[in-house]
Amino acid sequence: MKPGVARTFAVMHGSVSRMSERMLNELRRHNYVTPTNYLELVSGYKKMLLSKRIKLSDQANKLKSGLGKIDETREKVQDMSVELEEARVKVAAFQKECDDYLVILVEQKREADEQAKVSLDLLQKIKVDEVKCLKMAEVAQADLAQAMPALNAAIEALAALNKKDISEIKSYGKPPYLVQKVMEAVMILRESDPSWAEAKKQLGEQDFIDQLVNFDKDNISDKTLKKISNYCAQDDFMPDVVGKVCVCLLTTGFVHFPCDV
């Protein structure tokens, strides 16, 4: 026991003894103070000291544990702060990407709207063109219906021609104007030189009439049609006019077929 504590116990024991004598003198009551009381005081103090030490030790341990947890929490907070800063940077980057992507989406939507408008306009134009095509088909069908009799008549006329008729045409040194025009048109349809010499040469072919009858009238080139249209536009280049010149000129019905169609 420390000297200071021992002196305090001595003072306390002496004080109790003096107060006991005073109580006896004043109240006539005895209070015995013995060495056992002193030992009990010391023993009680030791128990109290041990209890306080245990309590303080527990509190110190709790404080130490709490401080350790505070330090641990502080470290975690620091780590979380670093992670939070990194996350903030990533979020900012993601936000920028989202903003950029939003701009792209807006642009794509604008382009899609424009394309939809163009598609709608194109669809309307297609419908208009479809109506025009149907009308053109009706007109073409009507023209074809008008041209077919002339074509059939021309084919029948061609089939009725004989060598004598061909020889009659070939005999011309300088053919009449309308005969020459008809033969020029025939040469153009056959994509040959539209000269009388070439016409006489082809008239000499044995299957010339068969070639005309079997001519591929459905695949005449645009270039040929353009050339032949100049003949069809002439007032005197008509079957009823040309037919007065010679039997062979009945072929003008065949010549006029592509012009009418």
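This is a short walk through the helices, cores and loops of one protein chain.

Hi everyone, thanks for coming. Before we start, please keep in mind that what you see is a predicted model.

Let's begin with the overall picture. The chain has 261 residues, and 19% of them count as buried. There are nine helices and zero strands, so if you read the elements from the N terminus on, you get α-α-α-α-α-α-α-α-α. As for how contacts are spread along the sequence, take those with a separation of 6 or more: 66% of them join residues 24 or more positions apart.

Now to the beginning of the chain. Helix α1 covers 3-27 and helix α2 covers 35-160, and R28 is found in the loop between them. R28 is worth a look in your torsion plots, as its phi is near 60°, a positive value in a residue other than glycine. For context, most residues other than glycine have a negative phi. R28 is also exposed, at a relative accessible area of 66%.

Back in α1 we find S17, which is partly exposed, with a relative accessible area of 24%. How far apart in space are S17 and Y32, C-alpha to C-alpha? The answer is 7.9 Å, for two residues that are 15 apart in sequence.

One stop on the way along the chain is residues 70-97. The UniProt record, an unreviewed entry, places the feature "coiled-coil region" there. In the model this span is 100% helix and 0% strand, and its end C-alpha atoms lie 39 Å apart.

Next, the packing of two helices, α4 and α7. Two packed helices are described by the angle between their axes and the distance between the axes. For α4 (residues 177-189) and α7 (residues 222-232), the angle is about 170° and the axes are 9 Å apart. An angle over 145 degrees counts as roughly antiparallel, and α4 and α7 are therefore roughly antiparallel to each other. Who does the touching? On the α4 side we have K181, E184, A185, I188 and L189, and they meet T224, K227, I228 and Y231 of α7. By type, the residues of this contact are five nonpolar, one polar and three charged.

On to the nonpolar cores. Which residues touch the most other members of the largest one? They are M183, V186, M187, W196, A199, L203 and F208, out of 13 residues in that core. Two or more residues each come from α3 (163-170), α4, α5 (196-203) and α6 (208-213). The biggest giver is α4, with five residues.

F208 is a nice one to click on. Setting aside neighbours within four places in sequence, F208 is in contact with M183, V186, M187, R190, Q202 and L203. There is also a second, separate core of seven residues, including A185, I220, I228 and Y231. You may recognise A185 from the α4 side of the helix pair, and I228 and Y231 from the α7 side.

One last residue before we finish: E191, in the loop between α4 and α5. Like our friend in the earlier loop, E191 is not a glycine and yet has a positive phi, here about 55°. Is E191 buried or exposed? E191 is exposed, with a relative accessible area of 60%.

That's my tour, and I'm happy to take questions.

Methods: Residues are numbered from 1 along each chain as its sequence is written. This is a predicted model: local features need pLDDT of at least 70, side-chain atom pairs count only at pLDDT 80 or more; totals for chains, interfaces and linings use all residues. Side-chain values use heavy atoms; hydrogens and water are left out. Axes are lines fitted to C-alpha atoms, for helices over the stretch in contact, and angles run from 0 to 180 degrees between N-to-C directions. Helices (H or I, at least four residues) and strands (E, at least two) are DSSP runs, numbered from the N terminus. Angles under 35 degrees count as roughly parallel, over 145 as roughly antiparallel, 65 to 115 as roughly perpendicular and the rest as oblique. Contact means heavy atoms within 4.5 Å. Ala, Val, Leu, Ile, Met, Phe, Trp, Tyr, Cys and Pro count as nonpolar, Asp, Glu, Lys and Arg as charged, and the others, Gly among them, as polar. A nonpolar core is a set of buried Ala, Val, Leu, Ile, Met, Phe, Trp, Tyr and Cys residues joined through side-chain atoms within 4.5 Å. Buried means under 20% relative accessible area, exposed over 50%, partly exposed in between (1.4 Å probe, protein chains only). UniProt positions are given in the numbering used here, feature names are shortened, and annotations may be inferred rather than shown by experiment.
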